[in-house]
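Visitor: I have a structure open and would like to go through it with you. Can you take short questions as they come?
Guide: Go ahead.

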Amino acid sequence: MKPNRKDISLICGVLLAAALCWLISFGKGLGSYGEGVLQITVDGEVFGTYSLSKDRIIAIEGTNICQIKDQKVKMTKADCPDQLCIHQWTITREGGVIVCLPNQVVLEIISADAPDTIAY
């Protein structure tokens with residue numbers, strides 16, 4: 001069976017709507033890129049908050065080391081047995097999270113206006 005004009009129009013409309021939704025969500029991600037800050041928590045307590053605009057290496061409670069470079073955050077060292085936190089993707093946008101469950105360390109990018117004090 002050959003598709004008629006109505007079928008083709010419907011398919012094109014659905015593809016266009018999907019592309020617009022993707023572009024809108026992608027644009028929001030680009031807009032928040034670099035605007036957030038890294039919040040580190042250890043055992044549920046805030047260890048510190050750090051601007052993504054300054055490259056640095058952060059030692060966390062003698063168990064983990066994370067790196068902020070080019071507004072990207074990654075875990076570079078951990079003394080936990082599974083090393084899963086080191087193999088997680090770098091995080092760059094608000095809502096990005098890296099977790100070291102054995103050491104109870106959480107790296108999370110949050111909104112720049114959320115914390116009261118930010119280490120620049």
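Visitor: Which residue in the turn between β4 and β5 has a positive phi?
Guide: That is Asp70, with a phi of about 55°. The model is a predicted one. β4 and β5 make a hairpin there, and two residues lie between the strands.

Visitor: How many bridges join β4 to β5?
Guide: Six, with the strands running antiparallel; β4 covers residues 64-69. Lys69 sits opposite Lys72 of β5. Gln67 has Lys74 as its bridge partner in β5.

Visitor: And what stands opposite Gln67 in β3?
Guide: Ile57 does. β3 and β4 are antiparallel too, joined by five bridges. They form a hairpin with three residues between the strands. In that turn, Glu61 has a positive phi of about 55°.

Visitor: What is the strand order in that sheet?
Guide: β3-β4-β5, an open sheet of three strands with antiparallel pairing. The edges are β3 (56-60) and β5 (72-78); each has a single partner strand, so one side of each lacks a neighbour in the sheet. From one strand to the next, the twist averages 20°.

Visitor: Which residues of β3 are on its covered face, and which on the uncovered one?
Guide: Arg56, Ile58 and Ile60 are on the covered face. Ile57 and Ala59 are on the uncovered face. Ile57 is also the residue that stands opposite Gln67 in β4.

Visitor: Let me step back. How many helices and strands are there in the protein?
Guide: One helix and seven strands. Read from the N terminus, the order is α-β-β-β-β-β-β-β. The protein has 120 residues, and 32% of them count as buried.

Visitor: What about the sheet with β1 in it, what is the order there?
Guide: β2-β1-β7-β6, an open sheet of four strands, paired antiparallel. β2 (45-51) and β6 (97-100) are its edge strands, and each pairs on one side only. Neighbouring strands in this sheet are turned against each other by 15° on average, direction ignored.

Visitor: How many bridges between β1 and β7?
Guide: Six. β1 spans residues 37-42 and β7 spans residues 105-110, and the two run antiparallel. Val42 stands opposite Val105 in β7.

Visitor: What holds paired strands together in general?
Guide: Strands of a sheet pair through backbone hydrogen bonds, either parallel or antiparallel.

Visitor: New topic, cysteines. How many disulfides does the structure hold?
Guide: Zero. The sulfur of Cys80 has its closest cysteine sulfur in Cys100, at 3.6 Å, which is too far for a bond. The cut-off for a disulfide is a pair of cysteine sulfur atoms within 2.5 Å. Cys100 is therefore in no disulfide either, its nearest cysteine sulfur being that of Cys80 at 3.6 Å.

Visitor: Is Cys80 buried or exposed?
Guide: Buried, at 4% relative accessibility. Cys100 is buried as well, with a relative accessible area of 1%. The cut-off for buried is under 20% relative accessible area.

Visitor: Back to the surface. Which residues make the nonpolar patch?
Guide: Val97, Val99 and Leu101, with an area of about 250 Å². Val97 belongs to strand β6. Leu101 lies in the loop between β6 and β7.

Visitor: Is Leu101 buried or exposed?
Guide: Leu101 counts as exposed, at 67% relative accessibility. Val97 has 36% relative accessibility, so it counts as partly exposed. Exposed needs over 50%, and partly exposed lies between that and the 20% limit for buried.

Visitor: How far is Val97 from Leu38?
Guide: Their C-alpha atoms are separated by 9.5 Å. Along the chain, the two are 59 residues apart.

Note on methods:
Residues numbered from 1 in each chain as written. Predicted model: local features only at pLDDT ≥ 70, side-chain atom pairs only at ≥ 80, totals over all residues. Heavy atoms only, no water. Pairing = 2+ DSSP bridges. Axes fitted to C-alpha atoms, helices over the stretch in contact; angles between N-to-C directions. Buried < 20%, exposed > 50% of the residue type's maximum accessible area, 1.4 Å probe, protein only. Patch = residues over 30% accessible without salt bridge, like charges linked within 9 Å, V, L, I, M, F, W, Y side chains within 5 Å. Areas by Shrake-Rupley, 256 points an atom, 1.4 Å probe, with all protein chains shown as cover. Salt bridge = Lys/Arg side-chain N within 4 Å of Asp/Glu carboxyl O.
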